[in-house]
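Thanks for passing this one along. Here are my notes, in the order in which I would look at things on screen.

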Amino acid sequence: MSYFVATVIMKGKKQEIGFYAESKKEANQIAKLKFNGIIIKVVETKEPFELQLQKLRKNILQTISKKKIKPDALVGAIRQLAVMTNAGISIHDSLQEIANSAEDETLKMVFEQLSSDINSGQALSKAMENFRYELGTLSIAMVKLGEKTGNLDEALYSLASMLDEIRSNVVKFKKAMAYPRNVMISMAIAFSVLISFVVPKFKTMFEKMHADLPLPTKILLSLEHIFNTYGLYIVGIGIVGFIVIKSLIENYEHIRYGWHELLLKLYLIKNIIKFATISRFTLVFAELLRSGIPIAEALDTATSMVDNLPLKKKLESVKLTVEKGGTLNKGLQDIGLFENMIIQMVRAGEDSGTIDSMMKKVAEYYKMRFDAIIDNLSEAIEPVMLILIASLVLLLALGIFLPMWSMGSVVH
């Protein structure tokens, strides 16, 4: 939303009134409807600092209060909705029934609101747009597919299977991360105890020596001073900073784009994001093609559920290539995300008229690649974990024992 200022003459006085609108055209329409007077001009301008602060405060509060629906509860609700829709029960009644029996409070609130919105004449996919955070982009994309094809129950069954697959991958990811996470937490606790209680005792001893201390000892004593003097402040600033940064990422697209770009450069994380995104994209795209949706439209819908903005931008260019008359394999080749083997498979599918079944095989391939990354995650993290642990142990050992060895040599 952009900020506009309308200069209006009302009751003989010239006033400047600020408001938000999507575009200049919409701003002019809002000004005509909202303000009773002579509109001199409507211009887009920078949002006042006070309003920016108010908006940031509101966004932070929303970020703190936001809650996602539990994956198990969402999968169960979608399956239930598919069964009821297939049985001929209206969407409004189905949503209300699921909301009434739901134990998850967020699910209950969302489905009640969806039921109310549908009752007022909105389409289900349109009503779901208001709950993109709670339901996810994949849910909205698949419901749109069901509405387009007239097979909402089939789309919901497919959606439930996809969400179940995603949930399984998340569970596998958490299991893979459990061991390294527990080791690092234990190491962090041990290091904190040593810094808080053990190092101060050696600090007193070293100060009495009045000797030049080695670099590891100076680093260790500096960490001890920072930790024990400013520890609580650092934790507080860290928590507040995390909430503010998360809010900025969620509410400002250019900041979110930069964050997503950074993630695509990080060790391990870049491959997880890349293959998770491509796997989900090809899965939805294949499902859309199987349902008879034209390629350009299927690309548009499949791309809309991609969360990572740099990857989304690349995939959107594939749709532009197809709309200009180019082939799908050419569009995929140009963005550089897909291996040459995949490009050849897509080309073969286009030439033989079996692009839907070929894309299904591509989706299975990328699912296999993503599963392999998750399965080998622990092994990939181990070198990083060992380097961190070794660095901490080395710092503690050298920081404490080097001065003691110096004391020993002086005594001799």
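The points below go from the overall fold to the cavities, the aromatic rings and a few single residues.

1. A word on the source first: this is a predicted model, so please read every value here as computed from it.

2. Let's begin with the whole chain. The protein chain is built from 18 helices and three strands. Its radius of gyration comes to 29 Å, well over the 22 Å that the globule rule gives for 412 residues, so the chain is more spread out than a compact globule. Along the principal axes, the C-alpha atoms fill a box of roughly 90 × 70 × 50 Å.

3. How much of the chain is buried? Of the 412 residues, 36% are buried. As for contacts, take those between residues at least 6 apart in sequence: 59% of them join residues at least 24 apart.

4. Next, the internal spaces. The structure holds two cavities of 30 Å³ or more, and the largest cavity has a volume of about 40 Å³. The elements that each supply two or more residues to the lining of this largest cavity are α3 (71-86), α5 (105-119) and α6 (124-128).

5. Which residues would you click on to see that lining? I78, L81, L95, F111, L114, L124, M128, L135, V143 and L156 line the largest cavity. By type, the lining has 10 nonpolar residues, no polar ones and no charged ones.

6. The second largest cavity encloses about 40 Å³ of space. Its lining consists of R132, T137, I140, A141, K144 and S304. Helix α8 (residues 137-149) gives the largest share of this lining, four residues. Here the residue types divide into two nonpolar, two polar and two charged.

7. Helix α8 also holds L138. Is L138 buried or exposed? With a relative accessible area of 4%, L138 is under the 20% cut-off and therefore counts as buried. Leaving aside residues up to four places away in sequence, L138 touches L159, M162, L163, I166, R280, V284 and M305. If you want a distance to check in your viewer, the C-alpha atoms of L138 and A363 are separated by 15 Å, with these positions 225 residues apart along the chain.

8. Helix α13 (residues 295-304) is worth a look as well. Its buried residues are A298, L299, T301, A302 and T303. Among the elements that cover these buried residues of α13 are α8, α12, α14 (309-323) and α15 (328-335).

9. Now for the aromatic rings. A search of the whole structure finds four aromatic pairs. One of them is formed by F281 and F285, which are stacked at 5.8 Å centre to centre with 10 degrees between the planes. The planes count as stacked because the angle is under 30 degrees.

10. Where do these two phenylalanines sit? F281 and F285 both belong to helix α12 (residues 269-290) and are four residues apart, about one turn of the helix. An α-helix has 3.6 residues a turn, so residues three or four places apart point the same way. Both F281 and F285 are buried. Elsewhere in the aromatic list, ring pairs link F275, F338, Y365 and Y366 into a cluster.

11. One backbone angle caught my eye. L268 has a positive phi of about 70 degrees although it is not a glycine. Most residues other than glycine have a negative phi. L268 is found in the loop between α11 (253-263) and α12. Its relative accessible area is 18%, so L268 is buried by the under 20% cut-off.

12. That loop between α11 and α12 also contains K265. Is K265 buried or exposed? At 64% relative accessibility, K265 counts as exposed, because the cut-off for that is over 50%. In this loop, then, L268 is buried whereas K265 is exposed. For another distance to try, K265 and F173 lie 20 Å apart in space, C-alpha to C-alpha, and 92 residues apart in sequence.

Definitions and conventions
Residues are numbered from 1 along each chain as its sequence is written. This is a predicted model: local features need pLDDT of at least 70, side-chain atom pairs count only at pLDDT 80 or more; totals for chains, interfaces and linings use all residues. Side-chain values use heavy atoms; hydrogens and water are left out. Rings of Phe, Tyr and Trp (its six-membered ring) pair if their centres lie within 6.5 Å; planes under 30 degrees apart count as stacked, over 60 as edge-to-face and the rest as tilted. Buried means under 20% relative accessible area, exposed over 50%, partly exposed in between (1.4 Å probe, protein chains only). On a 1 Å grid over the protein atoms alone, a cavity is a set of points where a 1.4 Å probe fits but cannot get out, and a pocket is an open set with protein on both sides within 12 Å along at least five of seven lines; lining residues have an atom within 4 Å of a point. Grid points are joined across faces, edges and corners, and a volume is the space filled by probe spheres set on the points. Ala, Val, Leu, Ile, Met, Phe, Trp, Tyr, Cys and Pro count as nonpolar, Asp, Glu, Lys and Arg as charged, and the others, Gly among them, as polar. The radius of gyration is taken over C-alpha atoms; the globule rule is 2.2 Å times the number of residues to the power 0.38. Contact means heavy atoms within 4.5 Å.
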